Amino acid sequence: MNPRWFVLAAFAAVSVHGAEPAPLYLDASQPLEARVEDLLARLTLEEKISLIHADSKFTTAAIPRLRIPRRWLSDGPHGVREDVGPDSWAPAGRTDDFSTAMPAGVCLAATWNPELGFSEGEAIGQEARWRGKDIMLGPGVNIQRTPLGGRNFEYCGEDPFLSSRMAVGYIRGEQSQDVASCVKHFALNNQEFQRGSINVEVDERALREIYLPAFRAAVQEAGVWSVMGAYNQFRGRHCCENDYLLNHILKGEWNFRGLVVSDWGGAHNTTECALNGLDLEMGTDAGYDHFYLAQPYLKRIQSGELPVAGLDDKVRRNLRVMFATHVFDPERKPGSFNSPAHQSVARRVAEEGIILLKNENQLLPLVPARLKSIAVIGENATRLQAHGGDSSGIKADYEITPLQGLLNRFGRDVNLTFSEGYRKNGRPDLVERAVAAAQAADVVIYIGGLNHDKGLDCEGADRKDLKLPYGQDALIQKLVAANPKLIVVLEGTAVEMDLWLDRVPAVLQAWYPGMEGGNALTAVLLGEVNPSGKLPATFPKILSDSPAHALQAYPGANGSVTYAEGLLVGYRWFDTKHLEPQFPFGFGLSCTTFQYANLKLLPGDGSNQIVTAQFDLKNTGARAGAEVAQLYVHQDQPSLPRPDKELKGFAKILLQPGEKRTVSMPLNRTAFAFYVPAQAGWVAEKDNFKIFIGSSSRDLRLHDNFHLAATQSFQ
Ligand code: BGC
């Protein structure tokens with residue numbers, strides 16, 4: 001039995017047998033708020049203080065007198081991280097913390113499947129419980145503002161609607177397991193460059209329409225129990241001590257009842273932390289008693305400088321999260337670890353998140369019977385990626401690399417060779433050997449792209465440019481000259497492909513596909529899985545096409561960055577400015593074809609639902625496949641400028657060959673609204689709108705006009 005439950009169960013038993021009445025807060029049948037108040041009233045001032053700051057890298061102190069256990073927080077979005085510390089970032093050296101490594105967040109977003117998000121959250125929640133964790137530090141929902149962002153791989157792409165849907169699915173799944181999710185990083189942590197200090201200036205509309213919606217959905221739809229303040233500053237104040245973000249918006253407007261935790265080392269000042277909305281301080285570079293919310297806070301309360309009511313609010317929020325996740329209750333879910341079910345979730349996310357970007361002459365799927373030899377080339381074919389990237393890295397129970405995945409499927413009748421081709425500081429003979437291998441094979445599978453080295457897809461720094469590293473552009477050009485049957489598989493986030501894309505017949509975007517990645521990739525290459533992933537962010541042709549770079553509004557100067565592009569992030573910029581991206585938002589090919597027909601706009605149900613778009617989707621090809629049908633809204637004459645169109649609905653639908661389904665997408669007033677700073681609220685204006693249905697943001701198949709008869713204003 002988990003020692004913590006033993007203590008609680010023993011305590012409950014004593015109470016039942018009459019030694020003393022069980023305190024109300026230990027009675028799971030009592031209302032949550034009553035339990036919070038009961039326990040709060042029993043705490044001394046010092047005990048309260050001990051609940052709002054760390055006592056190790058990832059824990060807060062226990063209070064044995066009141067049976068309050070030590071609370072464990074843990075990264076992160078992609079699984080339960082290995083234990084570190086207790087007082088340093090060095091691995092704790094345990095042997096029981098090899099866990100299920102899910103694909104990176106951007107791969108989950110690329111599935112466009114919130115139900116799969118639920119399954120991933122649920123699996124991570126179960127592993128968290130098994131490992132004794134109480135608060136899981138994910139999901140990450142910062143909007144991809146620049147393709148160079150060092151943590152883009154952890155996030156859900158460039159669109160607030162897609163990010164919201166994926167975050168809600170994930171959080172609901174995770175929190176169903178009696179563990180709190182922690183949505184991060186609130187807010188505007190869109191670059192790693194100077195992340196601890198950079199001040200972000202962004203206009204109110206972009207803040208509300210682009211950067212906050214996923215957090216709001218996490219709070220109001222998923223009921224997330226914790227929010228992590230970001231490292232950066234916003235309008236001159238650090239985000240962990242930002243009155244406007246934390247008190248005004250999060251706790252005021254959105255009525256968030258849970259706790260705000262600092263990013264590790266994100267707190268800077270006792271009074272600001274005390275007054276401006278921080279509830280739990282972690283990772284400060286000082287002895288735990290010297291944290292801003294430890295002794296310095298206690299002293300200011302004792303001297304009357306700061307009110308005790310502020311402390312009580314923080315403690316209430318911490319206790320509320322403990323009760324909500326059944327920390328005190330013997331029936332708390334016990335979790336499970338490294339189960340086949342979790343591995344299968346990891347595999348499904350990878351299978352649905354891998355994107356087919358190009359496929360000329362039906363080079364894919366491969367038909368093994370027609371192949372005698374395959375040359376696998378590229379360092380990422382054998383590189384273990386799950387552990388990298390910093391805080392989101394996972395000590396994987398196992399990791400199937402792409403090469404291993406291929407070896408698992410190809411028997412002795414196919415001659416499969418491997419050649420590294422490139423390497424950091426690699427020698428020219430690597431290239432020569434790879435070219436020779438390519439020449440000798442029927443088909444070449446190149447597996448390259450990025451990795452989690454600092455300066456690529458890794459926390460703490462952004463990329464310097466959008467180029468493939470280690471001479472890969474030149475290598476790919478030589479390989480395709482040697483053998484035109486070249487399939488390029490890219491791990492990592494977006495890269496420029498302009499130097500070779502026109503000559504390479506097939507390209508797959510595999511992100512970081514997690515511990516089952518090699519199996520998933522092989523299933524896609526062989527056609528056992530028909531690709532269904534879609535880009536959650538625009539891939540520009542060249543970096544300078546993307547908005548923050550076109551406007552030279554990255555990475556800022558003199559410690560401050562102004563988001564000059566405002567609302568025009570990602571496809572909103574490319575569409576509004578009529579720029580051709582390399583691959584547009586929402587794009588991804590399938591090995592079957594889909595036909596869209598019969599769009600009808602049906603009246604809403606009289607509540608918030610204004611109109612329902614209904615259309616037929618048919619699989620017109622020979623293979624089963626899933627399509628992500630996307631709905632975009634355009635307003636004809638808005639009173640304030642709006643992006644050309646915006647994603648407001650999507651559905652992922654699996655269809656057998658020849659199968660047709662009628663798809664319905666209900667739209668409520670938020671689908672038509674934009675934020676009006678002068679009214680400090682949202683307005684859906686009386687106007688004509690166009691509703692587009694398509695297979696990507698640039699492949700719109702159906703449209704119809706919709707007239708909104710009366711203006712609606714709301715919060
Ligand atoms: C990261 C957070 C992470 C925390 C704890 C910070 O450096 O920004 O995302 O949860 O460390 O590891």
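**Notes on the predicted model**

1. Starting with the ligand: 15 residues surround it, and the ones that come nearest are Asp75, Arg151, His185, Asp263 and Glu459. Keep in mind throughout that this is a predicted model. Sorted by class, that shell holds 7 charged, 6 nonpolar and 2 polar residues.

2. Next, the polar contacts of the ligand. The side chain of Arg151 places an N or O atom 2.7 Å from a ligand oxygen. For Lys184, the distance from a side-chain N or O atom to an oxygen of the ligand is 2.9 Å. Arg195 also has a side-chain N or O atom to look at, here 3.5 Å from a ligand oxygen. As for cover, the ligand on its own has 310 Å² of accessible area, and the protein covers 97% of that.

3. On to a sheet with 4 strands. This one is open, runs in the order S20-S19-S24-S25, and has antiparallel pairing. Which strands sit at its edges? They are S20 (646–655) and S25 (699–708), each pairing on one side only. On average, neighbouring strands in this sheet are turned by 20 degrees against each other, with direction ignored.

4. If you want to check the register in that sheet, go to S24 (residues 687–696) and S25. These two run antiparallel and are joined by 9 bridges. A handy place to begin is Lys690, whose bridge partner in S25 is Asn705.

5. There is another open sheet of 4 strands, ordered S8-S7-S5-S16, and its pairing is mixed. Why is one side of S8 and of S16 left without a neighbour in the sheet? S8 (237–238) and S16 (560–562) stand at the edges with a single partner strand each, so nothing in the sheet flanks the other side of either strand. The partnership of S7 (residues 233–234) with S8 is antiparallel and spans 2 bridges. Within it, Phe234 has Arg237 of S8 as its bridge partner.

6. Aromatic pairs: the count comes to 22. One to pull up on screen is Trp511 with Phe539, an edge-to-face pair at 6.1 Å centre to centre, with 80 degrees between the planes. Trp511 belongs to strand S15 (residues 506–511), while Phe539 is in the loop between helix H17 (517–525) and helix H18 (547–550), so the pair ties together parts that are 28 residues apart in sequence.

7. Now the backbone. Most peptide bonds are trans, and most residues other than glycine have a negative phi. A few spots here deserve a look against that background.

8. Gly85 and Pro86 are joined by a cis peptide bond, with omega about 15 degrees. You will find Pro86 in the loop between strand S2 (71–74) and helix H4 (105–111). Leu364 and Pro365 are also joined by a cis peptide bond, where omega is about 0 degrees. Where is Pro365? In the loop that runs between strand S10 (355–359) and strand S11 (373–377).

9. Last, Arg67. This residue is not a glycine, yet its phi is positive, near 60 degrees. Arg67 is placed in the loop between strand S1 (59–60) and S2.

Definitions and conventions: Residues are numbered from 1 along each chain as its sequence is written. This is a predicted model: local features need pLDDT of at least 70, side-chain atom pairs count only at pLDDT 80 or more; totals for chains, interfaces and linings use all residues. Side-chain values use heavy atoms; hydrogens and water are left out. Two strands pair if DSSP finds at least two bridges between them. Axes are lines fitted to C-alpha atoms, for helices over the stretch in contact, and angles run from 0 to 180 degrees between N-to-C directions. A residue is near a molecule or strand if one of its heavy atoms lies within 4 Å of it. A polar contact is a pair of N or O atoms within 3.5 Å; within protein, one must be able to donate a hydrogen and the other to accept it, and residues adjacent in sequence count only if both atoms are side-chain atoms. Accessible areas come from the Shrake-Rupley method with a 1.4 Å probe; for residues, only the protein chains shown count as cover. Ala, Val, Leu, Ile, Met, Phe, Trp, Tyr, Cys and Pro count as nonpolar, Asp, Glu, Lys and Arg as charged, and the others, Gly among them, as polar. Rings of Phe, Tyr and Trp (its six-membered ring) pair if their centres lie within 6.5 Å; planes under 30 degrees apart count as stacked, over 60 as edge-to-face and the rest as tilted.
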